[in-house]
Every structure is written in C-alpha cells, then in structure tokens.
Amino acid sequence: MNNLRTGEKYSLNTTLIHGGNQIDERTGAVNVPIYQTSTYKQDGIGKNRGFEYSRTGNPTRKVLEDLIADLEGGLAGFAFASGMAAITTVLSLYKSGDRIIISHNVYGGTYRVLDKVFKNFGINYTILESEDPEYLSKVITDDVKALLLESPANPLMSITDIRAFSKVAHEKGVKVIVDNTFMTPYLQRPLELGADIVIHSGTKYLGGHSDLVAGLVVVNDKEDAERLAFLQNATGGVLQPFDSFLLIRGIKTLSVRLDRHVENAYRIARYLESNDDVSKVYYPGLETDPGYAVNSKQAKNGGAMISFELKDGHDLNRFFESLELINLAESLGGVESLICHPSTMTHASIPENIRKAVGITDGLIRLSPGIEDVEDIINDLDHAIRESRV
C-alpha cells in the first residue's frame, strides 16, 4: 500500500496503525493529540498556521481524514458527524433534475433522505432491481448522474459486481458511489474496483466499540475533493475532535477485530444453515450464497454481517426476548453481538410494499456477531430459537 502523504509503501495492517502521519510534530506524541479548540491564533492578516476555524479544519480530524484516504487508496478523505451526514453531503454534489440510481435493498436511512429530503429539491432516484450490469445499462437515462451501491447490501447481503457496474456507469458518464460500511477497506477497496467515491459509517466496524457516531468519505478525483471540501465547510456537519481521536484509535485495531468478527460470522452462518428451524440464511461467505462467486473476486471474504429467517411456527417477539447475550439494538460492527428486526428498525422508513418487493420480509432478522466466544453466541441463538417455537 502506498501512503499518500509520505510516498512510502506499507502493508494495510501497518497503514491502519501509522497511516495519516499521526505523530505530533510539535511534541513527538505518538498518538495524535485531541485539539479541542474552535479557533486558532493567526500570525497576521492572511497568515495562519494551516488552520483557521475548526469547522473548516482541525488537526485531529485532519489526521483521521488522511488515514481513511490512505486506507482506501484515495486522493482525499472527509470526516462527518454521522454516516448520514456523509451521505447527505455526497448527495449534495447533485442538483435539481439529476437522478441517482440506488441498490434495491439500500440502507433505510439512505432511502429516507433521498425520498423525504432530496426529492423536495428535484433530485430523483431509481431503485436498481437487478445485480445484472446489462440491466443497469438499460435504466441509465440522460438525467442519471450517480449510481449508489452497497455490496454487501443492507440487510439482505446481496452482492453487486462493483467493477462491472463501474464500467457500465462510466461508459454512460455516471459517477459510482459505494457504501463500504459492511466491508471496510480491510476487506474491500471499491476505488480499486472502479468506484469514484466511497462512504463509511465510521460508527460501525471502523470505530468498533459502539461509543461514537461518525461518517467518512473518500474520493479519488481532485474536482470531487474540492467540491466536497466546500460542502463540508459550508454545511458544517463535521466530526468533532474527540470523536475523531476515538475513531483513529478504533481503526488501529480494525484488522485484529475484524478477523475475529469474520471467523465468528462464518461459524454462526454454518450453524444457521444447518438448523432445521431456519428457512433462509443470507451470508456471502457461504458457498451456497448466490453472491459468493462475485464477492470472492472483489472482497477478502464474506464479511461479518448475517441475515436469516425462521420457519413458520416461531414467535419473533419471543425469540428476541429470549436472547440473553446478544443485544436487540440498532447499529452493528461493535465488539458486542447486536441483532435487529430490519422491517421495524433499520428499514422502517422504507414503505412496506417496497420492503416486501425487494425481499425484506417481516420475519427477517439481521445479526452482527461480536468478538465474544463463538460458542456462547451460538448457544444464545440456539436457546432463543428453541424458546420461540409455538
């Protein structure tokens, strides 16, 4: 991997720890200090030391932004107060009359902001109903300016061939935006596959400890970088210094945490697949998954997110209430196992008819395995499944 700020070549594991030039030049501190300041003394009119006001730029945030750019192999990174602030700022690159194509089971918050906010400003959207690149070429009309993908998509873990879709989109002059939250740059690097912009909810695996809310964006084009820098400063949804510090600290252990997450997820997916009470398992790390072959080409492994459905004859409320170790909660990617009911939680903002059309049933369960002992997680699931039988 090439560290964009030094030109030196590092492995990804090393860049997780040393990317972004984290040593403080003034003191030599090996961890970037928390520059908890709103403004900066200037040496004269038009003479500053690189920073003027913390909405515009902050040294702690700058290290984080350089770090995520290093990890994704991009030109510039940007840190925001939430994943939705990141998505909103990226969508603000577009204007009235433009159209965005989105994955068919995109995160509910992404759908909501397009349907309830940007549509009011004349920015329209089309839901992509197939993972076939030829289908994409048929639905790109003259007003389409961007393609927003998730792979794996939330919550059905469907896989899109990022390279193939990027090729089709670019032939039509369409930018490709990839939400890489589920995979992180440790498992998948969309810019190398042809994407133009990468988005992360840093709240999830990058932070990794369920103790912060953050969003990150990486671009590989100078014009996109300049426009996003303007929008970040103009709209002001920036990440605060302390949360930037926490996110840098979380990223340092990403590889060791995610290796354990993935190991646990694979074991759990195999358990669910063999359980007679389970009707369907969605996990691209299983060879039986329809997205396995494509995902294996573009990602290191199947990631750590699983969705599944129980067969008829189970009470979902009793299932969730019977869990003892796994927490019923929004979010994912923390060291603790989290589980949710997408149709009433993460994807409740999507109309029922659209949810059902894309396969998000009322019986769908989404699991984010933590890094606890995998046998404890499986035993908790097994107990809850048995208790939910009616």
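A residue is called buried here when its relative accessible area is under 20%, and exposed when that area is over 50%. By this criterion, Gly108, Gly109, Thr110, Tyr111, Val113, Leu114 and Asp115 of helix α4 are buried in the structure, which is a predicted model. Because seven of the nine residues of α4, which spans residues 108–116, are buried, this helix is largely enclosed by the rest of the structure. The elements that cover its buried residues include the helices α3 (83–91) and α13 (352–358), together with the strands β2 (99–102), β3 (124–127) and β4 (144–150).

Charged residues were examined next. Side chains of opposite charge can pair when their charged atoms come close. Across the whole structure, 15 salt bridges are found. One of them joins Lys116 to Asp115, with 3.3 Å between the closest N and O atoms. The two partners differ in their surroundings, since Asp115 counts as buried at 10% relative accessibility, whereas Lys116, with a relative accessible area of 52%, is exposed. Through salt bridges that share partners, Asp115, Lys116 and Lys119 are joined into one network.

A second salt bridge is formed by the side chains of Lys297 and Asp161, at an N to O distance of 3.7 Å. This pair links distant parts of the chain, as Lys297 belongs to helix α11 (residues 292–298) while Asp161 lies in the loop between β4 and α6 (162–171), the two being 136 residues apart. Here, too, an exposed residue is paired with a buried one, for Lys297 has a relative accessibility of 63% and Asp161 one of 17%.

In a further salt bridge, the closest N and O atoms of Arg267 and Glu375 are 2.3 Å apart. Because Arg267 lies in helix α10 (residues 254–274) and Glu375 in helix α14 (residues 374–387), the pair ties together parts that are 108 residues apart in sequence. Both residues count as partly exposed, Arg267 at 36% relative accessibility and Glu375 at 37%.

Asp179, which is found in strand β5 (residues 175–179), presents another case. This residue is buried yet has no salt bridge, and the nearest side chain of opposite charge, that of Lys204, is 8.1 Å away. The side chain of Asp179 does, however, make a polar contact with the side chain of Thr181, at a distance of 2.6 Å. When neighbours within four places in sequence are left aside, the residues in contact with Asp179 are Ile87, Leu149, Glu150, Ser151 and Ile199.

Terms used: Residues are numbered from 1 along each chain as its sequence is written. This is a predicted model: local features need pLDDT of at least 70, side-chain atom pairs count only at pLDDT 80 or more; totals for chains, interfaces and linings use all residues. Side-chain values use heavy atoms; hydrogens and water are left out. Buried means under 20% relative accessible area, exposed over 50%, partly exposed in between (1.4 Å probe, protein chains only). Helices (H or I, at least four residues) and strands (E, at least two) are DSSP runs, numbered from the N terminus. Contact means heavy atoms within 4.5 Å. Lys and Arg count as positive and Asp and Glu as negative; His and the chain ends are not counted. A salt bridge is a side-chain nitrogen of Lys or Arg within 4 Å of a carboxyl oxygen of Asp or Glu. A polar contact is a pair of N or O atoms within 3.5 Å; within protein, one must be able to donate a hydrogen and the other to accept it, and residues adjacent in sequence count only if both atoms are side-chain atoms.
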